[in-house]
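Colleague: Got a minute to walk me through this one? I'd like to start with the charged side chains.

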Amino acid sequence: MKSFILTLAVAAMLAACAHPALRQADDLVRANQLPQAYAVLDDARKLDPHEQSLRVAQLRIASQLTTRLLVQIEGLRSAGRWDEAAEALQRLREVDAKNPRITWFEAELERGRRQETKLVLARQALRDGKPDRAEALAREILAESPGHAGARLLLSQSAQARPLEAAATDMGPAFQKPVTLEFRDAALRQVFEALSRSSNINFVFDKDVRADAKVTIFLRNVSLDEAMRVLLSTQGLDRKLLNDSSVLIFPNTAAKQREHQELITRTLFLANADVKQVQAMVRTITKVRDIHIDERLNLMVVRDTPEVMRLVEKLIASIDLPEPEVMLEVEVMELSTDRVTDLGLKWPDKVNFGLPFVEGQVELGRHNDFRATIANPAVAATIRGTSGNGNILANPKIRVRNREKAKVHIGQKVPVFTTTTNFTGSTSVAANVSYLDIGLKLDVEPSIQLDNDVVIKIGLEVSNLIRQVTGPGGTTAYEIGTRQTSTTLRLNDGETQVLAGLISDEDRRSASGIPGLSEMPVLGTLFGVQNSTRNKTEVVLLITPRIVRSLALPDVAMTRMASGTDASPGAFSSLLKPNTKVGVAPVGAGQAAALARPAPAAAAAAEAVNQEATVHLDVTPQVAAGGTVSVTLKNDSGLTVKGELEYDPTRLQPAAASAGANSGRLPVELAPRGERVVVLRALPAANGQVLNIGLSGLSASGLNGESASVRMEGSGLLTVDAPR
């Protein structure tokens, strides 16, 4: 008792002697005020720098505060709150100036601000009808951050804003002027001279371009860019853009390509795909010139033309997807029933005749003292019965990647000794030990399908130790009972499948007592003991797959792409626009004739012949939660266009009250060369959704009532941000 009181007194004295700053910091930590606790200890250490308890307490709080700040900075960076993230980073510098993640966060915050500015510019370019500029900015962002969600969405919207064949081009507006060419058996340079006079474009020829090459071509209402592609492809030539108004023409040979083609080098980081598999695909599909991979960083360095590089980027974007994962909930039960029954009279198994209590040899002369004896008790009644049941349950939960194997072993390892005897010279014995796995073994391999079904390969083995066996030389072995099964299942997400029927049934009966009489069916219990043993076990497996991450299929724009020709992968398509008129005549000895019509006249003639109206649909690609959406409709033809604007009324509504607002249809009418803007407001149900706005029932009519077809251009995709 005295020692206990002394201990309490010492503890009280130590507590009284503790530094006041420690108690204050401890109170602040309990109140979850780590920065204030760190500041208190820092001030105390400045006054008493040699106090070790203050240093230890400050290091402990600094570790907790560093972990909290790292998590906070990461969350603010992911949410795009750059200023708050920078403030948290400054606090991290004050606590742990040598933390290795400070440099990484500084670079990421600077990159995030720059990417956000580019994203704003790209969205504005898409609204202004410049998908090429928007796509270029989005690819710059993805080159630095492959998983950037905003850039991926913008890239998809840019690709859907134009048809498959309308690949991005480096040619400026000067090359988009419509021209008409009519040449028969004319010199090649004469054709380019006519093009230069009509479009104010400068053409420079390589010394190996044949000056006497003859051309016969008829093209009406095509752009200068299209006319050059057709002309060069038929003459075995290629081009290189020198500036906005100058083009170099050279032979399309391997030597000239190496001499004149500009190559670019791009480092592509892969977030999910295996870089070796991507390398094999890129070599096969794009026939890339130079490629290098780094498996350590999962990156690829590619060197080729801009056209091939654009194709490589699209291919990687279509396959660099996160692998699906599934959570497998497994329940394994072993249901066992044991029943043992012993019933009957146990008679003595021997009778002794001789001198009582004497062991060894006796004289026969004392046979009058011989007595007959049996073991005591003479008869024993056995009435015993035991029964029991067991339920051994294993309930593991395993998260597995798609097409990866997972293993579970629940049980024990039984040692088995093996001895080796060496008789050379002096006899020596060496013992080795090995282990046997006893218990439950479960092997699963899931495969997630596109319809969210899960195909699972299952291998189950249940083993138990029956008895120990002694081998030659005292070695030990075991008799093991096993039950195993393997199967393949296809289950829905969340569906439970039961696998049962692995039953072990053991029934034993034995009798001990007077031979012959103890084996009688009913009266045998009067002459011996009958034993009955019944053991039955069953293994039941329940498995439930729950998909954690499904396979995220890329947009259609990423899976369908123009890939050039076999000789020039990734090259721009030579297909002409639908309203182009082409004629080809055989080359003869006639005189060459050339016609380069002015652009306005050619466009007007084409419109008169085709009588087709074109309506451009432009939708704000991304708005904040509860924001407004501007839908711009523009009629580029001389016809009157009527139709209906379609949208989801549960997620969008007109900013101004109008007829048909609740039905999701608004009637629109566009005058010749007219334009109309409809403003819609995003409802709460649209938060975090991707919506589509379209036109239906379009019809066009002229001044005299004649009808014409209507073609719609543009994308109606809209993304509403989720509220923060």
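**Charged pairs and a patch**

Modeller: Sure, start with Glu84, which is partly exposed at 38% relative accessibility. Here buried means under 20% relative accessible area, exposed over 50%, and partly exposed in between (1.4 Å probe, protein chains only). Keep in mind this is a predicted model: local features need pLDDT of at least 70, side-chain atom pairs count only at pLDDT 80 or more, and totals for chains, interfaces and linings use all residues. Residues are numbered from 1 along each chain as its sequence is written, and side-chain values use heavy atoms, leaving out hydrogens and water.

Colleague: Which side chain meets Glu84 in a salt bridge?

Modeller: That's Arg81, at 2.6 Å, N to O. A salt bridge is a side-chain nitrogen of Lys or Arg within 4 Å of a carboxyl oxygen of Asp or Glu. Arg81 is partly exposed too, at 38%.

Colleague: And how many salt bridges are found in the whole structure?

Modeller: The search finds 33. One network of them links Asp206, Lys207, Asp208, Lys256 and Glu259.

Colleague: What about Glu108, buried or exposed?

Modeller: Buried, at 14% relative accessibility. Glu108 forms a salt bridge with Arg111, their closest N and O atoms being 2.5 Å apart. Arg111 is partly exposed, at 23%.

Colleague: New topic: where is Thr305 found?

Modeller: In the loop between β8 (299-304) and α13 (306-319). Helices (H or I, at least four residues) and strands (E, at least two) are DSSP runs, numbered from the N terminus. Thr305 is buried, with a relative accessible area of 5%.
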